[in-house]
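Me: I would like a close look at a single part of this model, set against the chain around it. Please go through it carefully and give the cut-offs behind each term as you use it.

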Amino acid sequence: MPGHRPERAHRTTPSLGSAEKVAPILDALEQCYGRPTNQPHGNVLEELVGTILSQNTSDLNADRAFDSLRQAFPDWHQLAQASDDQIVEAIRSAGLSRQKAPAIRAAVAALLDAGGADRTQWLQQAPLEEARAWLEALPGVGPKTASCVLLFALGRPALPVDTHVYRVSQRLGLLPPGVPAASAHKSLEAIVSPDDVYRFHVLLIRHGRVVCQARRPACERCVLTIWCDYYNRQRQGNVPERERSARVET
């Protein structure tokens, strides 16, 4: 049950390295939230556009903008040839439409120019870092967006790090002190098994939304306290009342 902390969470545990913490943390989170299963949908263009739209807005607003965009441009080639103003009008609900419109048009055009289905097949089969680098070279695409495309569309073990994953990973001590958000993807991929990347991403987001929130983490009902550096520092009085937050690059 989410928010219920078992008795073991009141005890202490020997110090573990970051990689050693991952398995028990995921096991504990699965007891709360269930085991998520990735079902890649294979549509790189949809994931790419949808993720750009989701930047700095709610899922609801992004979904509305995506539906409006597809109604206005049912064919991706039409979108690639549209004006920025036409795209802006279609995606207003996503916010930052003036910035997102040219990025979406240019990214879609680049993917289509690269061969569409052929490029999708290449992204599926190329070495992960090469596929990630190609996506990050597209307009409006940063580490998180590239990882979302690879993970959700193609099922590849690229780990998207949003603000929840970044915050919870920092508090648990899974990230090196001071690691910038843009480098967190590779740092976490180094300690999370490829088979666990999807559930790690989903479970940490769920926990970050429900329990380990930014301003007031509910440590009193957290199932992860025995592995949490933040909790143990807090008990010793070594954590400031307000943590510094970092912006995650998309």
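Reply: What follows is a close look at helix 6 and its surroundings, and then at some other parts of the chain.

This is a predicted model, in which local features need pLDDT of at least 70 and side-chain atom pairs count only at pLDDT 80 or more, while totals for chains, interfaces and linings use all residues. Residues are numbered from 1 along each chain as its sequence is written, and side-chain values use heavy atoms, with hydrogens and water left out.

The chain has 13 helices and zero strands, where helices (H or I, at least four residues) and strands (E, at least two) are DSSP runs numbered from the N terminus. Of its 250 residues, 49% count as buried; buried means under 20% relative accessible area, exposed means over 50%, and partly exposed is in between, with a 1.4 Å probe and protein chains only. Among contacts (heavy atoms within 4.5 Å) between residues at least 6 apart in sequence, 69% join residues at least 24 apart.

Helix 6 covers residues 97-113, and at 1.5 Å a residue its 17 residues should span 24 Å, which agrees with the 24 Å between its end C-alpha atoms; the expected span is 1.5 Å times one less than the number of residues. Its buried residues are Ser97, Lys100, Ala101, Ala103, Ile104, Ala107, Val108, Ala109 and Leu111. The cover over these buried residues includes helix 2 (44-54), helix 3 (59-72), helix 4 (76-81) and helix 5 (84-90), as well as helix 7 (117-125) and helix 8 (128-136).

The loop between helix 5 and helix 6 contains Leu96, which has a positive phi of about 50° although it is not a glycine. Most residues other than glycine have a negative phi. At 44% relative accessibility, Leu96 counts as partly exposed. Helix 6 is followed by Gly115, whose phi is also positive, near 110°. Elsewhere, in the loop between helix 2 and helix 3, Asn56 has a positive phi of about 60° without being a glycine.

Two of the helices that help to cover helix 6, helix 7 and helix 8, also meet each other: Arg119, Trp122 and Leu123 in helix 7 are in contact with Glu130, Ala131, Trp134 and Leu135 in helix 8. The residues of this contact divide into five nonpolar, no polar and two charged, where Ala, Val, Leu, Ile, Met, Phe, Trp, Tyr, Cys and Pro count as nonpolar, Asp, Glu, Lys and Arg as charged, and the others, Gly among them, as polar. The axes of the two helices come within 7 Å and cross at roughly 135°; axes are lines fitted to C-alpha atoms, for helices over the stretch in contact, and angles run from 0 to 180 degrees between N-to-C directions. Helix 7 and helix 8 are therefore oblique to each other, since angles under 35 degrees count as roughly parallel, over 145 as roughly antiparallel, 65 to 115 as roughly perpendicular and the rest as oblique.

Helix 12 (residues 197-210) can be set beside helix 6. Eleven of the 14 residues of helix 12 are buried, so it is largely enclosed by the rest of the structure. What covers its buried residues includes helix 1 (18-33), helix 9 (143-153), helix 10 (163-172) and helix 11 (181-189).
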